[in-house]
Amino acid sequence: AGRYDTYSDFGDAWNPKVGVRWQPLDQSITIRASYSESFKAPTFDDLYTPNQENFPELRNPVTGVFEQIREFQTGNPNLLPETAVNYSAGLVYTPPKVKGLTLGLDWFRIEQEDVSGSADQFILDRNFATGGPTSPTAQYAGFIVWNPATQTYTTLRAPTLNLSRRIIEGVDATASY
């Protein structure tokens, strides 16, 4: 199977799905597996949320001290869509001698890329690691305002960014009668 989408803001996406089902002996045992890809366009809020001022307590990477920093969280019209690769495999057993009983065991794994979210501490840490708040070429230099006299960040602009990778994995066991 497959799904084709066209988004006015993000272009096209093709997401395939392949599934296999096998009953090796009789109808009492079923083995199944699947592979698929998925796509999630950013939400309207992720893209276009106006400035929202708050004062979170963040760790100043220069001094190592936690302090409240004026922050403006915003949307980001340059976000990429989130993508994922999904795997599953399972076994279903229906014992012929116990009418109505079904036992199942399923494994799944979802590997997500470009997961969007707020990134205030990440911005401070990456800026520090790539030259610090006094370097105009440090990563995210345009997102911070630094006061060299007090060694503090006075303002931080924290747009929603595609930063995370997330892996979700688990096992489901079922019994029904």
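Is Arg70 buried, partly exposed or exposed? Select Arg70 and you have a residue that counts as partly exposed, at 34% relative accessibility (buried is under 20% relative accessible area, exposed over 50%, partly exposed in between, with a 1.4 Å probe and protein chains only).

Before moving on, a word on the model: this is a predicted one, where local features need pLDDT of at least 70 and side-chain atom pairs count only at pLDDT 80 or more, while totals for chains, interfaces and linings use all residues. Residues are numbered from 1 along each chain as its sequence is written, and side-chain values use heavy atoms, with hydrogens and water left out.

**Stop 1: salt bridges**

Keep Arg70 and add Glu53: the two form a salt bridge, with the closest N and O atoms 2.6 Å apart (a side-chain nitrogen of Lys or Arg within 4 Å of a carboxyl oxygen of Asp or Glu). Glu53 lies in strand S4 (residues 52-54) and Arg70 in strand S7 (residues 70-74), so this pair ties together parts that are 17 residues apart in sequence. Strands (E, at least two residues) and helices (H or I, at least four) are DSSP runs, numbered from the N terminus.

Now pick Asp125 and Arg59, whose side chains meet in a salt bridge of 3.2 Å, N to O. Asp125 sits in helix H2 (residues 120-129) and Arg59 in strand S5 (residues 57-59), so the parts tied together are 66 residues apart in sequence.

**Stop 2: strands S8, S9 and S12**

Show strand S9 (residues 102-117), which pairs with strand S8 (residues 82-93) in the antiparallel sense over 11 bridges; strands pair if DSSP finds at least two bridges between them. Strand S12 (residues 161-176) also runs antiparallel to S9, joined by 14 bridges. Select Trp107 to find it opposite Val171 in S12.

Next, click Arg109 and Glu169, a salt bridge at 3.1 Å, N to O. Arg109 lies in S9 and Glu169 in S12, so the pair ties together parts 60 residues apart in sequence. Add Glu111, Glu113 and Arg165 to see one network of salt bridges that share partners with these two.

**Stop 3: aromatic rings**

Finish with Phe122, Tyr140 and Phe143, a cluster linked by ring pairs (ring centres of Phe, Tyr and Trp, its six-membered ring, within 6.5 Å; planes under 30 degrees apart are stacked, over 60 edge-to-face, the rest tilted). Leave Phe143 selected and add Arg157: its charged end sits over the Phe143 ring, 4.2 Å from the centre (NZ of Lys or CZ of Arg within 6 Å of the ring centre and within 35 degrees of the ring normal).
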